[in-house]
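The following exercises concern the architecture of a single protein chain. Each task is followed by a solution in steps.

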Amino acid sequence: MTRQTSVAGFRLPVPVTRRLPSKTSAGTGSVGGMGSVVSSSSWPRDHSASWTKEPMSWQKLELIEQWLDNSAGRHSQELVVEARLQLAEGRLLFSRRDIESSSAPREALRVRIESAKEGFQQILADPAASAGARNRAQVGLRGAEVLLAAPGTKTVALIKRAQWSARAPRTANLTPLKGQWSRITVHHSAESTTDPRGGSLEESSGTVRSIQKFHMDDPEHRWGDIGYHFLIDSGGRIFEGRELDWQGAHAGGSNNYQNIGICLLGDLEKRAPSEAALKSLQVLLDDLRTRFRIPADRVAPHSEYATTRCPGPALTAWLRKYK
Ligand SMILES: [Zn+2]
């Protein structure tokens, strides 16, 4: 059961029950009925930016909106940019999920995606936004534009092979997918040349090309194409790797069977993945799992298939939580 509440001037479904924190700082929250449910209009004014600790949810988006309206002036520009970014990213994420489950009217979706797009554009125009925030906004903007161009389609914004100047595959050395994709394995590229803050599209394209060259030309590999199906850079850009018509080469022998390979660029044994990369990974995993009906517990770090520390401790912990 859901009830409607207004987020940025349009109606969004939220769970009907909402628990109040035991103590509220401001006395503006009027608690109704049983004392455990509060309507959006009586949500207490929270000046403390408590939203930063919340997992993504409709409720969090509402908290951020109220914080931006009432309390943002007391905080740093950096936090305000982060709030706007998370609000736009949340709208985009929930739009994607609603498209997957066909659970929102098309017009409401369009308004929400437009609103996310505006949020991302604001950040790109904001001199206070950091390079990392800009990268996330660029990824988000592209995602919003893809959804607006093809409403109702199940897709993520991809840097296609032609865009990163991929070599043509040697299809004779590739194995066609048999059956349907049933699991996903996540890797890191282990090279230290990737700019941990994102870098440019050209730099990351060069890294992806060098991985493809290694997989295709190295005498110990000689594969038909790059081994991974998707690669994600620190800026959150998602590159199309080996096409999904072909089985991958990333988890070893029969472990590649029906197994989609995703690789985050960078040496993630030495550093944690960027926020932008994790957000794109989440979007990509959500998208692939929906498209191919892959359960969350079939998403694994490479280390589950082989004696390796790939994809590094932080990403491995993140994947455990994802399940
Ligand atoms: Zn690996």
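The protein chain contains 7 helices and 7 strands. The model is predicted.

**Exercise 1. Describe the overall layout of the protein chain: in which pattern do helices and strands follow along the sequence, and what percentage of the residues is buried?**

Step 1. Along the sequence, the elements follow the pattern β-β-α-α-α-α-β-α-β-β-β-α-β-α.

Step 2. Of the 323 residues in the protein chain, 37% are buried.

Step 3. Contacts are then considered between residues at least 6 apart in sequence; 65% of these join residues at least 24 apart.

**Exercise 2. Determine the strand order of the open sheet of 5 strands, and state which strands stand at its edges.**

Step 1. The order in this open sheet is E5-E4-E6-E3-E7, and the pairing is mixed.

Step 2. E5 (238–240) and E7 each have a single partner strand, so each stands at an edge with one side left without a neighbour in the sheet.

Step 3. On average, with direction ignored, neighbouring strands of the sheet are turned by 25° against each other.

**Exercise 3. Characterise strand E3 (residues 183–188): is it mostly covered or uncovered, and with which strands does it pair?**

Step 1. Strand E3 is mostly covered, since 5 of its 6 residues are buried.

Step 2. With strand E6 (residues 259–264), E3 forms 6 bridges in the parallel sense. Ile184 has Ile260 in E6 as its bridge partner.

Step 3. With strand E7 (residues 299–301), E3 shares 3 bridges, and these two strands also run parallel. Here Thr185 is matched with Ala300 in E7.

**Exercise 4. Establish how E4 is joined to E6 and which strands H6 touches.**

Step 1. Strand E4 (residues 230–232) pairs with E6 in the parallel sense over 3 bridges. Ile232 stands opposite Leu264 in E6.

Step 2. Helix H6 packs on the sheet and touches E3, E4, E5, E6 and E7. The direction of H6 makes about 170° with that of E6.

**Exercise 5. Classify the packing of helix H4 (residues 131–149) against helix H6 (residues 275–292).**

Step 1. Two packed helices are described by the angle and the distance between their axes. For H4 and H6, the axes come within 9 Å and cross at roughly 20°.

Step 2. Angles under 35 degrees count as roughly parallel, and H4 and H6 are therefore roughly parallel to each other.

Step 3. The crossing of H4 and H6 is right-handed.

Step 4. On the H4 side, Gly132, Asn135, Arg136, Val139 and Gly143 take part in the contact; they meet Glu275, Ala276, Lys279, Ser280 and Val283 in H6. The residues of this contact comprise 3 nonpolar, 4 polar and 3 charged.

Notes
Residues are numbered from 1 along each chain as its sequence is written. This is a predicted model: local features need pLDDT of at least 70, side-chain atom pairs count only at pLDDT 80 or more; totals for chains, interfaces and linings use all residues. Axes are lines fitted to C-alpha atoms, for helices over the stretch in contact, and angles run from 0 to 180 degrees between N-to-C directions. Helices (H or I, at least four residues) and strands (E, at least two) are DSSP runs, numbered from the N terminus. Angles under 35 degrees count as roughly parallel, over 145 as roughly antiparallel, 65 to 115 as roughly perpendicular and the rest as oblique. A crossing is left-handed if the near helix is turned anticlockwise from the far one by less than a right angle, and right-handed if clockwise. Two residues are in contact if their C-beta atoms, placed from the backbone, lie within 7 Å. Ala, Val, Leu, Ile, Met, Phe, Trp, Tyr, Cys and Pro count as nonpolar, Asp, Glu, Lys and Arg as charged, and the others, Gly among them, as polar. A residue is buried if 20 or more other C-beta atoms lie within 10 Å of its own, exposed if 12 or fewer, and partly exposed in between; C-beta atoms are placed from the backbone. Two strands pair if DSSP finds at least two bridges between them.
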